[in-house]
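Colleague: I would be grateful for a close look at the salt bridges in this model. Please treat one pair in detail and then set it beside the others.

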Amino acid sequence: MSTTTRAISKSDLIAKIEHGYIASRAVLDALPAERWDEPLPAGWTLKEMVGHLGYWEGTVPSFIESLRSGAAQETAGTVDEQNAKAAVDAKVLPFEEVLKRWQDTHARLLELVGSFNDDELADQRFIDKLECETYGHYPDHFADLGAAIKTGKELAKISSTAEVPFRLAVMSLGLAGLDATTSSGWTFKDLVAHVTEWSDLTTGRLVRYRETGAMGSVGDADEINAAVVARTKGRDAREILKQLDASTDKLFAEIEKLDEKHLHANDDWAIAVVAGNTYGHFAEHHTEVFDAVPKRSAQLIERMREGWRMFRRPLGRLGLSALSQTTPAGWTYKAMLAHLAYWMEVLPDELPVRLEGRRTSGVEFEAENAREAAASASRSAHDTIARLDAAYKKVFAVTTALADRDVHFMAVRLIAGETYGHFLEHLYEIEAAVPRTTADVLKRYDDAWTRFRGAIRERGRSGLMDATPSGWSYRDMCAHAANWLQQAVIELEAGEFRSWNAETIQAENDRAVEAHRLVGPEAMLDELDTSHRRLREALATIPDERMREEVSGVIPFYSYLHWEEHLCADLGVTI
């Protein structure tokens, strides 16, 4: 066992390395191809600069091996000679190959750092070499990267593209994961709010700079961060995520307004500010966030269950008849649910590709969404719900069957993005339509009753002894419906709602049918109508607060949501 005190933890060391690398890659991955061969103020091209970075990073493994073995390190010439050789080697290669070489070299370096033991982490020779060739080296070339950026649109593209993996990683945590504590000691919810705050501040600074030329600071960073954490306590994570998206959208739009003069005046001040608060900021928190990303099947299943429960329960309270209405987003609920189901149906075929770190190209997302929305109009609400449930069940099975090892982030973002992250995106639409006030509940109650009672009336009193598609008589169905209305009144008056399960529900259903076996059709309809009136009168007396807090989540299942089930299953009414 080592008794050496480490100078830095392995995770912190990797985070420092990744910060500069990922920030640099954000710029390089977004610039147009022709930019790679244009001369920079430093005298070389972007391609030669990347070759230079990759070369020096590639010297780390042999240096570490020499320290581990005690063998002498072979000399490769002076620094200038090695720089010249790296530039010449890069110059004759396509830029894609130069970038890939650096990427592969970097991956090997991270694997090497992952192998460090405590003694090596405490050995300053190891740390000094890493600093010299990675996190201490990358900033030396930030000015080169800045010089390669020509327009505000390019800078906005760099920033917005860099946000994508950060935002997807945050999404993949799930709502419960956002309350977990990060390696820095705050929650991920705090971290998101922190990124949002600096995004807002940056927007304001850029506006002032563009309009007045002023480059002022924003105050003490520690005080700003502490205030953010204090404001975040107790807030809904969904609201914080929504604010992040609105803030970055506004910032990216403001960045686009910068012209070349704004970008490069005052020693590239605008680029430095944008970098520090967008792609450089996302890179700063990259390791912290990605270490928390669920990577195993069991972790993903846990978040899928959480997201499905959060979405499916209010959807169940919404019922079938409301699904033809328009959501706050402008489409129908059927269209939105068809959209969710479709992308879950796509997932099983796409997943093997994502597990390899790739994605299927040529998918027209907007066209597919439009097609599903149009097709949803001809589907019943019942079939729409059944399709959604079946799609989720299949995705759940596919995810459960994944091997017990870390999966590629491309697969994680697919599973999260088409299940729990997608549910969360559309949850507000469902919640907006769920009846919560007494007036809302009574309207749904009356509308569903009119439809349900009308369908029964069409059978006539003599037809109540006929068999339904479910196998019982229409009289038995009415007895069953009346019994649950009576049970609702009992529980409302007692002020206590009973917990039911599949076994006790079936026993109650059997009891109700047997108790009404000798009741004639006319008397049965009278009892049904009386039971309906009694519950409606009881509901009408309930204050909105109690309706919202307890009643609206229970009584609909005894009444109008229950009637909708039988409209479809027994009465032949398509909703």
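Modeller: In this predicted model, the side chains of Arg-231 and Glu-197 meet in a salt bridge, with N and O 3.0 Å apart. The two partners come from distant parts of the chain: Arg-231 belongs to helix H12 (residues 221–232) and Glu-197 to helix H11 (residues 188–212), with their positions 34 residues apart in the numbering. Their surroundings can be described by accessibility. Arg-231 has a relative accessible area of 46% and is therefore classed as partly exposed. Glu-197, at 19%, counts as buried, because the class takes in values under 20%.

This pair is part of a wider set, as a search of the whole structure finds 38 salt bridges. A second example joins Glu-372 to Arg-379, where the closest N and O atoms are 3.7 Å apart. Here the carboxylate partner, Glu-372, is buried, with a relative accessible area of 3%, while Arg-379 is partly exposed at 26%. Both residues also belong to a network of salt bridges that links Glu-345, Glu-368, Arg-371, Glu-372, Arg-379 and Arg-387.

A third example is the salt bridge between Glu-549 and Arg-548, whose closest N and O atoms lie 4.0 Å apart. Glu-549 has a relative accessibility of 60% and so counts as exposed. Arg-548, at 38%, is partly exposed.

A charged side chain may also be engaged by a partner of another kind, and His-516 provides a case. The side chain of His-516 makes a polar contact of 2.8 Å with the side chain of Glu-527. A polar atom of the His-516 side chain also lies 2.7 Å from the backbone oxygen of Ala-512. His-516 is placed in the loop between helix H25 (502–515) and helix H26 (521–540), and its relative accessible area of 8% makes it buried. Apart from neighbours within four places in sequence, His-516 is in contact with Arg-475, Ala-479, Met-524 and Glu-527.

Charged residues also appear in the lining of the largest pocket, which has a volume of about 1,400 Å³. Of the 34 residues that line this pocket, Leu-168, Gly-417, Gly-421, His-422 and Glu-425 are the closest to its centre. The lining of the largest pocket divides into 14 charged, 13 nonpolar and seven polar residues. Its largest share, eight residues, is supplied by H22.

Note on methods: Residues are numbered from 1 along each chain as its sequence is written. This is a predicted model: local features need pLDDT of at least 70, side-chain atom pairs count only at pLDDT 80 or more; totals for chains, interfaces and linings use all residues. Side-chain values use heavy atoms; hydrogens and water are left out. Helices (H or I, at least four residues) and strands (E, at least two) are DSSP runs, numbered from the N terminus. Buried means under 20% relative accessible area, exposed over 50%, partly exposed in between (1.4 Å probe, protein chains only). A polar contact is a pair of N or O atoms within 3.5 Å; within protein, one must be able to donate a hydrogen and the other to accept it, and residues adjacent in sequence count only if both atoms are side-chain atoms. Contact means heavy atoms within 4.5 Å. On a 1 Å grid over the protein atoms alone, a cavity is a set of points where a 1.4 Å probe fits but cannot get out, and a pocket is an open set with protein on both sides within 12 Å along at least five of seven lines; lining residues have an atom within 4 Å of a point. Grid points are joined across faces, edges and corners, and a volume is the space filled by probe spheres set on the points. Ala, Val, Leu, Ile, Met, Phe, Trp, Tyr, Cys and Pro count as nonpolar, Asp, Glu, Lys and Arg as charged, and the others, Gly among them, as polar.
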